[in-house]
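Colleague: I am new to this structure and would like to learn how to read it. Could you take me through its features one at a time?

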Amino acid sequence: MGKILSIASGKGGVGKSVISSNLALLLTKRGKRVILTDFDTGGANQHVLFGLFHPTATMTDFLSHRLKTLEEVAQPVNGYHNLRLIPGTGDTLRTANLQHARKKRLIRHLKALDADVIVVDVGAGTHYHTLDFFLLADHHLAVATPDPTSVLDLYRFIKLAAIRKVLTSFAARDPVANALLDREFQSMSEVLEAVGETKEDGLPTAERALKDFQPSLILNRMTNGSRINTLQLQSLLKQYVGTDLTLLGNIPEHESISRSVQKYLPVVDLDPTSPASIALEHITDNIATRL
Ligand SMILES: Nc1ncnc2c1ncn2[C@@H]1O[C@H](COP(=O)(O)OP(=O)(O)OP(=O)(O)O)[C@@H](O)[C@H]1O
Ligand SMILES: [Mg+2]
C-alpha cells in the first residue's frame, strides 16, 4: 500500500496545485511510483497544469460507476516515467452529491491504488469533505503564502482539521460530537478539556487522534520582506497545536512558476535550475526522508 500525502490550504490560489504536481514529478525522479490525484473540491485543474485537456477518464467516471475502480482512472501524463494522474471531476466534489457511502468507496479505492506515493491535492477551504480528504493521509502538508489573510486562513484550517480529527474518532451521536461542534477553541488543550468534561473516558481516544496529526508547512511566494508574517504564523500555530509545525521549506515568488503554468509544464521540468525548482527539490528531499 502506498503512502498518502495530502496538500491543502485555508485560502485558495496559494499554489497547492503547482506544488503538488511538481512534488509528484520530483518524487518519481527519486525512484517512486507516484499517482497524483485531484480531489480539489472547489474546481479540479491538475490535468490542465499538464496540458491534458481531454483526459481519457476523470473522477466522474469512477463516481458515476462507469469505471469500476479508481485505478482505471489513473493515466500516464506527458510520458513522465512512473507518474500517473487521476484528473478531478468536472463537477466539484462538494456539489457532486457525495453521500457517505460514495465517499467511503472513494477513500477505499484511493488507499488501494497501486503506487509508492499517492499525492492528493485536496483543494482549499474547510468544508467537511476537504478536511476529511486532508486527514486520511499519512502525511499532511499545509500551504500558505506570507499574505496575512492566507496566514489567518491556514490557522483556521489547521484548527478545524484538528477538531474534525478528534470529532471523527467518536460516533456521530456521541455527546462529545455535540460538545465540539459549535464552540470556538483557542488551543488544542481546550479541545481536550471539553472532551474530558463531556465524557471522562473519551479523553484517551481524543489524545490518540491528535497524536498522529502533525501537519507540516510549506510557505510559497516568499519575498524578502515576508519573514515577519511567517514567524507570526508559526507562533500562532504553536500556541494552538502545542508543538512547532515542521517547516518543510519556502518557495520564492518567481516568474518561472507563472511561465511554467502558461507552458503547461511543471517548473522543475521546464526550468530545473530556477530558484523555485531548487526550493521544490529541497522540499522533496525533506518529504522523501519522511516516507
Ligand atoms: N512561487 C510562485 N511564484 C510565482 N507565481 C506563483 C507561485 N506559486 C503559484 N504561483 C501562481 O499562482 C497561481 C495559482 O497557483 P495554484 O493553482 O497552484 O494555486 P491553488 O492553491 O492550487 O489554487 P486553488 O485553491 O484555486 O486550487 C499559479 O497559476 C501561478 O501562476
Ligand atoms: Mg488548485
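**Reading the core, the sheet and the ligand shell**

Modeller: Start with the core, and keep in mind that this is a predicted model. The largest nonpolar core holds 77 residues, and Leu5, Ile118, Val119 and Val120 have the most contacts inside it. Helix α6 (residues 148–167) gives the largest share of this core, 8 residues.

Colleague: Which residues does valine 119 touch?

Modeller: To read such a list, leave out the neighbours in sequence. Not counting residues up to four places away, valine 119 touches Leu5, Ile7, Ser20, Leu23, Ala24, Val34, Leu36 and Thr37.

Colleague: Which residues of helix α5 are buried?

Modeller: A residue counts as buried if 20 or more other C-beta atoms lie within 10 Å of its own. In α5 (residues 128–135), that holds for Thr130, Leu131, Phe133, Phe134 and Leu135. Their cover includes the strands β1 (3–9), β5 and β6 (139–144), together with helix α6. Over the protein, 43% of the 291 residues count as buried.

Colleague: In what order do the strands of the sheet lie?

Modeller: Read a sheet from one edge to the other. Here 8 strands form an open sheet with mixed pairing, in the order β3-β4-β2-β5-β1-β6-β7-β8. β3 (75–76) and β8 (247–252) are the edge strands, each pairing on one side only. Inside the sheet, β1 and β6 run parallel and are joined by 4 bridges. Serine 6 stands opposite histidine 140, a residue of β6.

Colleague: How many helices and strands are there, and why is the protein called as compact as a globular protein of its length?

Modeller: There are 13 helices and 8 strands. The radius of gyration is 19 Å, close to the 19 Å that the globule rule gives for 291 residues, so the protein is as compact as a globular protein of that length. Its C-alpha trace spans about 55 × 50 × 30 Å along the principal axes. Of the contacts between residues at least 6 apart in sequence, 75% join residues at least 24 apart.

Colleague: What surrounds ligand 1?

Modeller: Look at the residues, then at the elements that supply them. The shell has 20 residues, and the closest are Gly12, Gly15, Lys16, Ser17 and Val18. By class, 7 are nonpolar, 9 polar and 4 charged. At least two residues of the shell come from each of α1 (16–29), β5 (117–124), β7 (216–222) and α11 (255–262).

Definitions and conventions: Residues are numbered from 1 along each chain as its sequence is written. Chains are lettered from A and ligands numbered from 1 in the order in which they are written. This is a predicted model: local features need pLDDT of at least 70, side-chain atom pairs count only at pLDDT 80 or more; totals for chains, interfaces and linings use all residues. A residue is near a molecule or strand if its C-beta atom, placed from the backbone, lies within 6 Å of it. Ala, Val, Leu, Ile, Met, Phe, Trp, Tyr, Cys and Pro count as nonpolar, Asp, Glu, Lys and Arg as charged, and the others, Gly among them, as polar. A nonpolar core is a set of buried Ala, Val, Leu, Ile, Met, Phe, Trp, Tyr and Cys residues joined through C-beta atoms within 7 Å. A residue is buried if 20 or more other C-beta atoms lie within 10 Å of its own, exposed if 12 or fewer, and partly exposed in between; C-beta atoms are placed from the backbone. Two residues are in contact if their C-beta atoms, placed from the backbone, lie within 7 Å. The radius of gyration is taken over C-alpha atoms; the globule rule is 2.2 Å times the number of residues to the power 0.38. Two strands pair if DSSP finds at least two bridges between them.
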